[in-house]
Amino acid sequence: MYRVIKVLNNNGVLALDMEKKQEVILLGNGVGFGKKMGQRFGGSQDARRYELVKKETSALQAVNGIDPVYIEVTARIIEAAEGLLGPIRHDILIAMADHIALAVSRAKEGCELPNPFSQDIRALFSQEYEAALKGRELIRQELGVEISEDEVSYITLHIHGGLSDENVSQSLELARLVQDGIRQVEEGMGMNLPAASLGYNRLMSHLRYMIARTRKKEQTNLNMGDYARENFPRAYEVAAQVCEDIGRKLKCPVAQEEIGFLAIHIQRAAGQG
């Protein structure tokens, strides 16, 4: 049983799940038609349910700031993404709809938000990026507005957040840390790794999972530090610097064992071993 908090339009309603004491958005043909604030109603099998993240601001305040058309198109993007990626947490709906509303507004005004990590986001979260591209097409079809590649990358982060425990800011931090790490490797080794190269993508992938292990305080079972230090001293030195920098930015030290593994990946990327 639900109680209406706000009717968004004929196809959407903000409601309280009275059994779970949880605010949700229900979207579906006619789900909001004829309903009034405070009215109780049973669920509809045809309606899609989107739980809301609990924040300091109420769900009603959050919804009041967004045109329902953006909530509907965002729900369609999430549904399309689930067709590609599997189940996605529905609590990303409002934050993602808010971002899309701003992205469309910026596109109309010709002042779109640049994303310096767009290339890295596309490589780090390639499947989510493909889903976001489909989202861009839905926005074009439904709203008649073409958003930029940079905005697609931001939507990618929202979709990734729905698949993982990371929020958008954490995913953006990951892209920033990976980009910084690769730049340090390039400077330290005196080389340039083309973004589309196998070496770049392998190194990027290793940094991504190394950062994830560090965040979770996971340990590796094998220490290749002595081998890497003896055989690839320059790569080991650079790896140590990168790990120190990442640990400082995460405020969590990178495990000593990670240095050797990173050094081996750096040497491999450099094509010298």
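The legends below describe close-up views of a predicted model.

**View 1. The largest nonpolar core and the helices that contribute to it.** This core holds 39 residues, and the members that touch the most others are Leu207, Leu262 and Ile266. Two or more residues each are supplied by helix H4 (118–124), helix H7 (168–189), helix H8 (198–216), helix H10 (233–250) and helix H11 (256–270). In soluble globular proteins, nonpolar side chains tend to be buried together.

**View 2. The surroundings of Leu262.** Once neighbours within four places in sequence are left aside, the contacts of Leu262 are Leu203, His206, Leu207, Met210, Ala239, Val242 and Cys243. Elsewhere in the model there is a second, separate core of 38 residues, whose members include Leu27, Leu52, Val63 and Ala131.

**View 3. Strand E2 and its two faces.** All six of the six residues of strand E2 (residues 12–17) are buried, and the strand is therefore largely enclosed by the rest of the structure. In a regular strand the side chains alternate between the two faces of the sheet. For E2, one side carries Gly12, Leu14 and Leu16 and the other carries Val13, Ala15 and Asp17, with both faces covered and all of these residues buried.

**View 4. The pairing of E2 with strands E1 and E3.** Strand E1 (residues 2–9) runs antiparallel to E2 and is joined to it by six bridges, with Asn9 standing opposite Gly12 of E2; the hairpin that links E1 to E2 passes through two residues. Strand E3 (residues 22–27) is likewise antiparallel to E2 and connected to it by six bridges, among them the one that pairs Asp17 with Gln22 of E3. Four residues lie between the strands in the hairpin of E2 and E3, where Lys21 adopts a positive phi near 55°.

**View 5. Helix H5 and its buried side.** Helix H5 (residues 126–143) comprises 18 residues and spans 25 Å from its first C-alpha to its last, which is close to the 26 Å expected at 1.5 Å a residue. Its buried residues are Glu128, Tyr129, Ala131, Ala132, Gly135, Arg136, Leu138 and Ile139. Because these residues cover an arc of only 165° around the axis, they lie on the same side of H5. The elements that cover the buried residues of H5 include helix H2 (68–85), helix H3 (93–109), H4 and helix H6 (149–163). Just after H5 comes Gly144, which takes a positive phi of about 70°.

Note on methods
Residues numbered from 1 in each chain as written. Predicted model: local features only at pLDDT ≥ 70, side-chain atom pairs only at ≥ 80, totals over all residues. Heavy atoms only, no water. Core = buried A, V, L, I, M, F, W, Y, C linked by side-chain atoms within 4.5 Å. Buried < 20%, exposed > 50% of the residue type's maximum accessible area, 1.4 Å probe, protein only. Contact = heavy atoms within 4.5 Å. Pairing = 2+ DSSP bridges. Expected span 1.5 Å × (residues − 1). Arc of directions from axis to C-beta.
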